[in-house]
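Welcome! Here is a short briefing to read alongside the sequence and the 3D view, taken one topic at a time.

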Amino acid sequence: MNYISTRGNGGVTTAAGAIKQGLAKDGGLYMPEKLPVLEKGELERLSKMSYPERAATVLSKFLTDYTYDELYEDCSEAYSEKRFPGGAAPTSALGEKMRILELWHGPTSAFKDMALQIMPRLFVRALRKTGEQKTALILVATSGDTGKAALEGYKDVDGVKIAVFYPVDGVSRVQKLQMATQEGNNVQVYAVKGNFDDAQNGVKKIFSDPEMSRAIADNGYFFSSANSINWGRLAPQIVYYISAYCDLMASGDITEGEIVDVCVPTGNFGNIFAAYIAKQMGLPVGKLICASNKNNILTDFLRTGVYDRNRLFHTTMSPSMDILISSNLERLLYLIAGSEETASYMKQLSENGVYKVSDGVLAKIQSDFCGYFCDEKGTANTIKSIYNGYNYLSDTHSAVAISATEQYLADSKEKAAKRVIIASTASPYKFASAVYESLTDKPAPDGPAALDALTELTGVEITAPLAGLDKKTVRFTRVIESADMPAVALENTK
Ligand SMILES: *Cc1c(COP(=O)(O)O)cnc(C)c1O
């Protein structure tokens, strides 16, 4: 299977090449030349398999330069009982219609683990398959969840070093502690003075500076990234939608071939795009419900065809969805409008911050997707009503999706599928303060004490990786100016 760029001028590469390189040379994102399909009877076969077997089977359709045995070995380790106690992607019923797909049982308690536990293994194989001699220096700018998940995925991986930059006042106390206490011999964590954009621009500048690339090459290194535009992060996300369908089939909750709707709390459009690919492969999915918080740029786009980032940025209690540029939307545009039109939309976005897709493109997108959003009050109310109504404790991001699903069900009535699979992307304890405040209308205690308060209030056990966080050794305390990021990055190659 060959991989090509969404913008049409990035050449052709293998899966290993795409995973090693991240971004295509023309600035576009890598996509498989042709999407594989689920064969007749395959869902039935998959439903009898373990999660690692399902993952290896689905991934082998996309990563054809990896053998099934290689993929199975990697998936068995990545999705082991040790890393995902109780199973990688369990579902839980919320009443008649809603089925919560819990994607946060991994080492960092957010869904990023589903991709970042397997991607480092695929990446190391990619280095070998492409004959790479140098060590990779992975730089990550993070607003919270990605940084920790990447650190945990790449720690002590041979041939790789990783440095994470987070905005000093732009992540939660829990997120900061999670990163500051990171273990591993090849990891570094820096707090950057400024906001997330300062950290991200710093990393982008380093990546695009040929002097920097030369300097680290002299020391035997090359730069790489771990962000969600890498195909190695996207492909593993396709698996859990197929797996959830199989689980519902196996338990008799749905019959084989029955249409389900899927709702995903969306930021960069990666997770929901993976669900779309699963549908294109033949998974019986009806509507894809794109859930946004107060930063509802995607809701507007899906309703009007206008993507306009010239708007206020809101800081919300679901920070991983506080995004104005949803990078992976480019992949959807490519599949629907082709590379030439996509390149033109992306040019308009970078020059004017806005583009409008043609009516034909919008109609095609709307045949698969719909968009709903939920503001801060709505998120808090949903956390409360779901807890009171179903005794289910939801995190802030998942609550946005539950609210979107409720709005969708009210709008579409009998046109909706009998079941809606809702992606739940974080443990409620990862955002314990906001969840506590939503339930009680009272301020939560500061930092890790909020976790204790929440478990006292609800009796729901603290998600294991977050328990005892305040007792772990703090290893990283350095605070740097964003101007010093290049020098600090270089230190890692000496
Ligand atoms: C990253 C993240 C999201 C958004 O996922 P995208 O793939 O960027 O759409 C949603 N919820 C949580 C908790 C996340 O960490």
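In this predicted model, the lining of the second largest pocket mixes 10 nonpolar, eight polar and 14 charged residues. That pocket has a volume of about 730 Å³. Below, you can explore its walls, then a helix that helps to form them, and then some other places to look at.

**The second largest pocket**

- In total, 32 residues line the pocket, and those that lie nearest its centre are Arg83, Pro107, Gln117, Glu152 and Lys155.
- Three helices, α4 (68–78), α6 (119–129) and α7 (145–154), each supply at least two residues of this lining.
- Which helix gives the largest share of the lining? That is α6, with five residues.

**Helix α7, from one end to the other**

- Helix α7 is largely enclosed by the rest of the structure, because 10 of its 10 residues are buried.
- Its buried residues include the charged side chains of Asp145, Lys148 and Glu152, along with Leu151 and Tyr154.
- You have already met Glu152, which is one of the residues nearest the centre of the second largest pocket.
- Just after α7, have a look at Asp156, which takes a positive phi of about 60°.

**The nonpolar cores**

- As background, nonpolar side chains tend to be buried together in soluble globular proteins.
- Here, the largest nonpolar core has 113 residues, and the members that touch the most others are Leu63, Tyr241 and Ile242.
- Helix α11 (residues 231–250) gives the most to this core, with 13 residues.
- Which residues does Leu63 touch, not counting those up to four places away in sequence? They are Tyr3, Ala15, Ile19, Leu71, Leu122 and Trp231.
- Another core, of 22 residues, lies apart from the largest one, and among its members are Cys263, Ile289, Met321 and Val420.

**The cavity**

- Rolling a probe the size of a water molecule over the atoms shows where empty space is left.
- How many cavities of 30 Å³ or more does the structure hold? There is one, and about 40 Å³ of space lies in the largest cavity.
- The largest cavity is lined by Thr266, Gly267, Ser292, Asn295, Ile297, Leu298, Met321, Ile323 and Ser326.
- By class, four of these lining residues are nonpolar and five are polar, with no charged residues.
- Met321 links two topics for you: it lines this cavity, and Met321 also belongs to the core of 22 residues.

**Two buried residues in helices**

- Ser398 lies in helix α18 (residues 396–412).
- Is Ser398 buried or exposed? With a relative accessibility of 3%, Ser398 falls under the 20% cut-off, so it counts as buried.
- The side chain of Ser398 makes polar contacts with the side chain of Asp395, at 2.4 Å, and with the side chain of Ser424, at 2.9 Å.
- Beyond its neighbours within four places in sequence, Ser398 is in contact with Ser424, Thr425 and Ala426.
- Lys61 sits in helix α3 (residues 51–62), and its relative accessibility of 14% means that Lys61 counts as buried too.
- Leaving aside neighbours within four places in sequence, the contacts of Lys61 are Met1, Pro36, Val37, Leu38, Glu39, Glu42 and Met281.

Note on methods: Residues numbered from 1 in each chain as written. Predicted model: local features only at pLDDT ≥ 70, side-chain atom pairs only at ≥ 80, totals over all residues. Heavy atoms only, no water. Core = buried A, V, L, I, M, F, W, Y, C linked by side-chain atoms within 4.5 Å. Buried < 20%, exposed > 50% of the residue type's maximum accessible area, 1.4 Å probe, protein only. Helix = DSSP H or I, 4+ residues; strand = E, 2+ residues; numbered from the N terminus. Contact = heavy atoms within 4.5 Å. Polar contact = N/O pair within 3.5 Å; in protein donor to acceptor, adjacent residues only side chain to side chain. 1 Å grid on protein atoms, 1.4 Å probe; cavity = no way out; pocket = protein on both sides within 12 Å on 5 of 7 lines; lining within 4 Å. Points joined across faces, edges and corners; volume = space filled by probe spheres on them.
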